[in-house]
Amino acid sequence: ALGQNRLNAPQNDNNIYGFLGGGLLGSPTTRTTDGSGANGWFGVQRDLQAIIAVKSDVVTRQNTVGITVNYIPTGWFTNKLTLGGDLVNDEITAYFPKNSRGSYSGLLNTGQNFQQRTGVERYTVDYLGNLKHRFGSEGKWAVNGSGGIQFISTRNDFITVTGIGFVTNANNVPSSASTTSGTGQRNEVRQRGYVAEAQLANSDRRFVNVGVRVDEFSVFGSQVAPAVLPKVGASWVISEEPFFEPLRSFFGQVRLRSAYGQTGRAPGAGAALQTLSAQPSINGIVVESGAVPRNPGNPDLKPERGAELEYGFDMSLFSDRVSVEFTRFDKRTKDLILNRPLPPSLGFTENPQVNIGGVRNAGVEVSVSATPIKSRVFDWDFLVGMATLKNELTDLGGVSPFGTLNRFTEGYQLGSFVSKRIRNVNEATGVVTVADTFEVVGNVFPTFEGTLSTTFTLFRQLRLTGQLDTKRNFSVYNNTAYFRETQLVRSNLRLDTLQQTRLQRLRKYGNPTPGQPAFVQENGAATTVGEARDGFIQPGDFVRLREISATWNIPSRYIGFMGKAQSASLAFAVQNVKLWKNKAFEGPDPEVISNAGGQFSRDDFLTQASPRTTLLRLNITF
């Protein structure tokens with residue numbers, strides 16, 4: 001499979017040349033006609049044409065190759081070998097054209113071309129053999145055994161080059177610039193795993209599974225023992241038992257199930273190694289190569305281990321008109337891998353990864369699907385689903401809570417939002433009193449998620465579908481508002497009393513009286529909005545109309561002119577139709593996360609909201 005995607009996008013996010021970040025921020029009061037060139041934009045000569053002239057391209061090429069070989073020497077012995085490769089390459093360009101009007105800052109006006117190349121190569125070798133055998137009276141007993149081995153190799157390449165200063169925009173490759181610079185990085189991680197599993201079945205309604213997986217990760221080197229991960233499970237189709245006979249008029253199939261298993265997680269490449277950063281060393285007038293500490297590493301780092309117990313049931317009711325699935329899960333993780341902060345005096349610029357404490361994730365998952373109406377003219381189907389989550393840092397290994405905005409604190413969610421919580425706001429005096437220390441004020445992960453979808457089918461030809469989603473009890477850090485209103489100080493929210501009440505402004509910015517501290521702790525000490533961020537940690541609860549669609553199965557009499565066409569359908573859909581959010585959330589979309597790669601964070605920083613998308617699709621089968 002070969003694929004290529006080309007994206008031309010404007011500058012955005014935390015960028016003075018971005019549409020949201022500051023490129024087109026301005027005020028008509030700063031526009032003059034006195035020949036000074038002030039045109040209303042905060043950036044000198046940074047008008048619409050200057051922003052449009054900045055070119056930002058991302059080209060992604062993906063090549064996927066694979067081959068699967070099945071060998072079945074007998075009916076009871078099967079073999080499967082899979083070889084695969086996935087190669088993804090990104091080419092990123094950010095080009096500022098040379099100009100004489102001073103549209104940009106400093107040397108950017110001489111022309112700059114930034115090029116970035118990233119490549120990910122992942123290769124897999126996977127073998128699985130399976131044995132099966134029936135025995136006992138009438139073959140009531142069956143055993144299936146399987147075993148295999150897996151190799152995964154992942155290599156990441158990263159290189160950038162920047163050229164500054166061009167003679168002409170017609171020749172803007174970095175090598176033609178007067179000044180060039182570049183960086184590069186490469187790492188490779190290998191994983192080897194062995195798996196064995198056996199299943200014992202009785203009368204095709206009672207099942208027991210046992211298995212084990214052994215994983216080795218190159219990131220730990222040879223000093224760390226492989227991770228041995230066992231699992232065991234059982235299921236029972238009780239509706240097939242004779243004693244269930246009186247209930248079969250009400251229930252269809254009923255299955256009970258439970259399982260226990262362990263999982264392992266490894267960090268990225270080089271996490272266990274001590275690393276240095278290259279720095280120039282000046283010896284008199286001679287510049288030599290030198291190095292400074294970067295990351296102390298952790299030779300004792302080992303895989304993160306998780307053990308999960310889950311149980312539940314699946315059942316159908318009313319002649320299979322209603323189906324119910326229920327699962328209760330409880331996962332305990334130990335040797336949690338986190339970045340432990342180091343004192344700056346040690347000289348390292350990166351914090352090492354360490355195994356600290358434990359985490360618990362527990363909750364329930366429930367889904368109910370039903371067909372209340374089914375006829376030749378009209379069908380009605382719906383699905384209701386919900387899931388709860390209790391994420392708790394149960395043990396921090398004796399380490400004190402750490403983190404600023406997102407903190408790791410025993411008894412709370414991983415990376416919970418913290419702030420010096422507001423205790424009192426005196427609107428008359430403007431004094432805002434806050435706590436002396438950081439306190440947890442919000443969750444990063446939703447504790448409840450739900451979905452509702454329904455489908456109406458008319459005359460077996462026209463299908464109408466809609467879906468609602470919701471997430472509850474989580475917070476979003478509105479970093480857009482914080483950045484604009486406390487750093488740039490260019491937002492009118494501070495001044496416009498029609499948009500914010502005095503109480504809202506005091507909660508966000510503190511005391512506006514000159515010479516007075518913004519916030520006062522209970523112990524009398526002064527503090528700033530950087531530590532008292534209650535007003536910017538906002539509830540993210542929402543309900544979204546995720547999609548509505550209509551699909552028409554075109555009758556054969558309308559497609560006969562296409563010769564051998566067997567069937568055709570026409571579909572129309574609108575995604576992200578409507579959003580209902582908490583009134584206290586001031587951002588455009590609480591579901592958007594700026595730092596998608598962040599493991600324990602959720603913030604909105606000048607990020608475009610999820611767009612409404614309209615799709616029209618015609619499918620024809622010959």
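Tutor: A nonpolar patch here joins nonpolar side chains within 5 Å, taken from residues with over 30% relative accessible area and no salt bridge. Keep in mind as we go that this is a predicted model.

Student: Thanks! Which strand gives the most to the nonpolar patch?

Tutor: The patch covers about 1,000 Å², and its members include Phe 456, Trp 552, Leu 618 and Phe 622. The elements that give two or more residues to it are strands S27 (462-472), S33 (567-581) and S35 (613-621). With three residues, the one that gives the most is S35.

Student: Is Leu 618 buried or exposed?

Tutor: Leu 618 is found in strand S35 and is one of the residues making the nonpolar patch. The cut-off for exposed is over 50% relative accessible area. Leu 618 has 51% relative accessibility, so it counts as exposed.

Student: Let's turn to a sheet. In the open sheet S23-S24-S29-S30, which strands stand at the edges?

Tutor: Four strands form that sheet, and their pairing is mixed. Within it, S24 (residues 432-434) and S29 (residues 519-521) run parallel and are joined by two bridges. An edge strand has a single partner, so one side of it is left without a neighbour in the sheet; that describes S23 (422-425) and S30 (526-527).

Student: Which residue in S29 stands opposite Val 434?

Tutor: Strands S24 and S29 are joined by two bridges. Opposite Val 434 stands Gln 521.

Student: Now the rings. How far apart in sequence are the parts tied together by Tyr 95 and Phe 166?

Tutor: A search of the whole structure finds 21 aromatic pairs. Tyr 95 and Phe 166 form an edge-to-face pair, 6.5 Å centre to centre with 65 degrees between the planes. Tyr 95 lies in strand S5 (residues 77-96) and Phe 166 in the loop between S7 (141-164) and S8 (179-202), so the parts tied together are 71 residues apart.

Student: Are those two rings buried or exposed?

Tutor: Buried means under 20% relative accessible area. Tyr 95 has 9%, and Phe 166 has 4%. Tyr 95 and Phe 166 are therefore buried.

Student: What is the arrangement of the Phe 402 and Phe 408 pair?

Tutor: Their centres are 5.2 Å apart, with 35 degrees between the planes. Planes under 30 degrees apart would count as stacked and over 60 as edge-to-face. For Phe 402 and Phe 408, the pair is therefore classed as tilted.

Student: Over which ring does the charged end of Arg 533 sit?

Tutor: A charge sitting over a ring must be within 6 Å of the ring centre. The charged end of Arg 533 is 4.5 Å from the centre of its ring, which belongs to Tyr 482.

Student: On to salt bridges. What is the closest N to O distance between Arg 61 and Glu 91?

Tutor: Side chains of opposite charge can pair when their charged atoms come close. A search of the whole structure finds 32 salt bridges. For Arg 61 and Glu 91, the closest N and O atoms are apart by 2.8 Å.

Student: How many residues apart in sequence are the parts tied together by Glu 241 and Arg 205?

Tutor: Their side chains meet in a salt bridge of 3.2 Å, N to O. Glu 241 lies in the loop between S10 (227-237) and S11 (251-265), and Arg 205 in the loop between S8 and S9 (206-217), so the separation is 36 residues.

Methods. Residues are numbered from 1 along each chain as its sequence is written. This is a predicted model: local features need pLDDT of at least 70, side-chain atom pairs count only at pLDDT 80 or more; totals for chains, interfaces and linings use all residues. Side-chain values use heavy atoms; hydrogens and water are left out. Patches are made of residues with over 30% relative accessible area and no salt bridge: like charges are joined within 9 Å, nonpolar side chains (Val, Leu, Ile, Met, Phe, Trp, Tyr) within 5 Å. Accessible areas come from the Shrake-Rupley method with a 1.4 Å probe; for residues, only the protein chains shown count as cover. A salt bridge is a side-chain nitrogen of Lys or Arg within 4 Å of a carboxyl oxygen of Asp or Glu. Buried means under 20% relative accessible area, exposed over 50%, partly exposed in between (1.4 Å probe, protein chains only). Two strands pair if DSSP finds at least two bridges between them. Rings of Phe, Tyr and Trp (its six-membered ring) pair if their centres lie within 6.5 Å; planes under 30 degrees apart count as stacked, over 60 as edge-to-face and the rest as tilted. A charge sits over a ring if NZ of Lys or CZ of Arg is within 6 Å of the ring centre and within 35 degrees of the ring normal.
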